[in-house]
Amino acid sequence: MTQDLNKLKRDPERTRKRILEAATEEFSERGLSGARVDSIARRADVNERMLYYYFGNKDQLYLAVLEKVYGDFNDAEHALQLDALAPLDAVRELAHFIWNYYQQHPELIRLINNENLHEARHMRESTRVQAFVSPIVAMLASVLERGEADGTIQPGVDPVQCYVTISGLGYYVLSNRHTLTTVMGRDPLAPEERARTMAFHTDMLLNYLRAGAKPAN
């Protein structure tokens, strides 16, 4: 056992990665309250003591998972080349990226849902999560400024409100998929339905942003 622990300690990055991947699965499936440290250890194929060695306790591991999923999302957003696109095309590109990312990473949606149940208690302890979000809001602000300057986007659009709206349009559909399917009788993730929803959301967003649109009061 000591030899196994020493081997894991000699490759700390690989060990941390395995633990974080296992913890992401466990927390996204069971939530913070239902997740078990021994289950995470089994998923990661490590001794429980290694979890405490690297992350201190269950709450700190949960926070590390939140920071990781937000960090991964941030890295993917930064790969977008929005400056190379016309302003309205850049907004469309960002919106479609976010909506597709949410669908491809349901663990992010489930972890956000769980953290909201805890009133963002853990995220408030993080100095990194807000730092992950702020740059993409600044990037969107630059796009909106370019659009205002070239006359394609109406003046005075709040980039934070715009980002929250884009995020919310994708988040709501996915986080409420099963209830929407039951109540409305249409699965929002069925291919044809999803295509219609994305087209509707895109038109609504861009029609609001276009110069000449009537601003909201």
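How many salt bridges does the rule find across the interface of domain 1 and domain 2? Zero. The model is predicted, and that count applies to it.

**Two domains**

The domain assignment splits the protein into domain 1 (11–56) and domain 2 (63–209). Contact across the boundary involves nine residues of domain 1 and 11 residues of domain 2. The table lists values for the pair.

| Quantity for domain 1 and domain 2 | Value |
|---|---|
| Separation of centres, over C-alpha atoms | 28 Å |
| Area buried between them | about 820 Å² |
| Part of that area on carbon and sulfur atoms | 75% |

On the domain 1 side, T24, S28 and L32 lose the most area to domain 2. Together they account for 55% of what that side buries.

**The nonpolar core**

The largest nonpolar core holds 60 residues. Within it, F27, L61, I98, I166 and L209 touch the most other members. Helix α6 (residues 87–104) is the top contributor, giving 10 residues. The core also spans the assignment: domain 1 and domain 2 each supply at least three residues. In soluble globular proteins, nonpolar side chains tend to be buried together.

Which residues does I166 contact, leaving aside neighbours within four places in sequence? They are V91, L94, A95, I98, W99 and L205.

**The annotated span**

An unreviewed UniProt entry places the feature "domain: HTH tetR-type" at residues 13–73. In the model, this span is 89% helix and 0% strand. Its end C-alpha atoms lie 20 Å apart.

Technical notes:
Residues are numbered from 1 along each chain as its sequence is written. This is a predicted model: local features need pLDDT of at least 70, side-chain atom pairs count only at pLDDT 80 or more; totals for chains, interfaces and linings use all residues. Side-chain values use heavy atoms; hydrogens and water are left out. A nonpolar core is a set of buried Ala, Val, Leu, Ile, Met, Phe, Trp, Tyr and Cys residues joined through side-chain atoms within 4.5 Å. Buried means under 20% relative accessible area, exposed over 50%, partly exposed in between (1.4 Å probe, protein chains only). Helices (H or I, at least four residues) and strands (E, at least two) are DSSP runs, numbered from the N terminus. Domain bounds come from an automatic or database domain assignment. Contact means heavy atoms within 4.5 Å. UniProt positions are given in the numbering used here, feature names are shortened, and annotations may be inferred rather than shown by experiment. Buried area is the accessible area (1.4 Å probe) that two parts lose on being put together, summed over both. A salt bridge is a side-chain nitrogen of Lys or Arg within 4 Å of a carboxyl oxygen of Asp or Glu.
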